[in-house]
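The following exercises introduce a protein structure through its sheet, its helices and a few single residues. Each task is followed by a solution in steps.

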Amino acid sequence: MQQYNPHEHAQQLGIRVRHQTLGKRYGLWVPRIGMILLRPGMAARHERSVLAHEIAHAEYGHTTGSRKEERLADVLAARRLIAPAAIADAMRWTQEIPELAIELGVTEHIVKTYLDEIFPTAGSDRREA
């Protein structure tokens, strides 16, 4: 199975991606111009995670940035970025969130979101190092 590539996905959707200083934000979906803005200089796994999240906002038609919209975008991004087989393999040697994130090429937040969706009652058992 091919790994999800959010840059290719954005291109397929006709969404332009541009790097721009965004203050405290890492990414922003701007629906009126069909563009996702990303903070420059992020590590590859961070950019990949943020872009997948912003693509989810675009596909869902989100405009408000509500907690519900943020959660929905997080869940879709996590499901696309983390293959079940890949996380199962990684969890054979670690349950540490930071190590899983590095191994999977995503942010710790995306790993936590994925695990919360798959194992919602196991949240207190995981270690964040």
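**Exercise 1. Describe the sheet: what is the order of its strands, and which are the edge strands?**

Solution. The model is a predicted one. Begin with the order of the strands: the open sheet has three of them, arranged β1-β3-β2, and their pairing is mixed. Next, look for strands that pair on one side only; these are β1 (16–19) and β2 (27–30), the edge strands. Finally, consider the twist, which averages 20° from one strand to the next.

**Exercise 2. Determine in which sense β2 and β3 pair, and which residues stand opposite each other.**

Solution. In general, strands of a sheet pair through backbone hydrogen bonds, in either a parallel or an antiparallel manner. Here, β2 and β3 (residues 35–38) are antiparallel and share four bridges. Two opposite positions can then be located: Trp-29 faces Ile-36 in β3, and Leu-28 faces Leu-37 in β3. The connection completes the picture, since β2 and β3 form a hairpin with four residues between them. Within that turn, Gly-34 has a positive phi of about 60°.

**Exercise 3. Identify the buried residues of helix α5 and state where they lie around its axis.**

Solution. First, list the buried residues of α5 (residues 97–104): Ile-97, Pro-98, Leu-100, Ala-101 and Leu-104. Second, examine their directions: they span an arc of only 160° around the axis, and therefore lie on the same side of α5. Third, ask what covers them; the cover includes α2 (44–60), α4 (84–91) and α6 (108–118). Just after the helix, Gly-105 adopts a positive phi of about 70°.

**Exercise 4. Classify the packing of α5 against α6 and name the residues that make the contact.**

Solution. Two packed helices are described by the angle between their axes and the distance between those axes. For α5 and α6 the angle is about 105° and the axes are 8 Å apart. Angles of 65 to 115 degrees count as roughly perpendicular, so α5 is roughly perpendicular to α6. On the α5 side the contact involves Ile-97, Pro-98, Leu-100, Ala-101 and Leu-104, and on the α6 side Glu-108, Val-111, Lys-112 and Leu-115.

**Exercise 5. Find which residues of the largest nonpolar core touch the most other members, and which elements supply the core.**

Solution. The core has 27 residues, and Leu-81, Ile-82 and Val-111 touch the most other members. At least two residues come from each of β3, α2, α3 (67–81), α4, α5 and α6. Among the contributors, α2 gives the most, with five residues. Val-111 shows the surroundings of one such member: neighbours within four places in sequence aside, Val-111 is in contact with Ile-82, Ile-97, Leu-100, Ala-101, Leu-104 and Val-106.

**Exercise 6. Decide whether Met-42 and Glu-8 are buried, partly exposed or exposed.**

Solution. Buried means under 20% relative accessible area, and exposed means over 50%. Met-42, in the loop between β3 and α2, has 13% relative accessibility and therefore counts as buried. Apart from neighbours within four places in sequence, Met-42 is in contact with Tyr-26, Glu-47 and Val-50. Glu-8, which belongs to helix α1 (residues 6–13), has 38% relative accessibility and so counts as partly exposed. As a last step, the C-alpha atoms of Glu-8 and Arg-71 are separated by 23 Å, with the two residues 63 residues apart along the chain.

Terms used: Residues are numbered from 1 along each chain as its sequence is written. This is a predicted model: local features need pLDDT of at least 70, side-chain atom pairs count only at pLDDT 80 or more; totals for chains, interfaces and linings use all residues. Side-chain values use heavy atoms; hydrogens and water are left out. Buried means under 20% relative accessible area, exposed over 50%, partly exposed in between (1.4 Å probe, protein chains only). The arc is that of the directions from the helix axis to the C-beta atoms. Contact means heavy atoms within 4.5 Å. Two strands pair if DSSP finds at least two bridges between them. Axes are lines fitted to C-alpha atoms, for helices over the stretch in contact, and angles run from 0 to 180 degrees between N-to-C directions. A nonpolar core is a set of buried Ala, Val, Leu, Ile, Met, Phe, Trp, Tyr and Cys residues joined through side-chain atoms within 4.5 Å. Angles under 35 degrees count as roughly parallel, over 145 as roughly antiparallel, 65 to 115 as roughly perpendicular and the rest as oblique.
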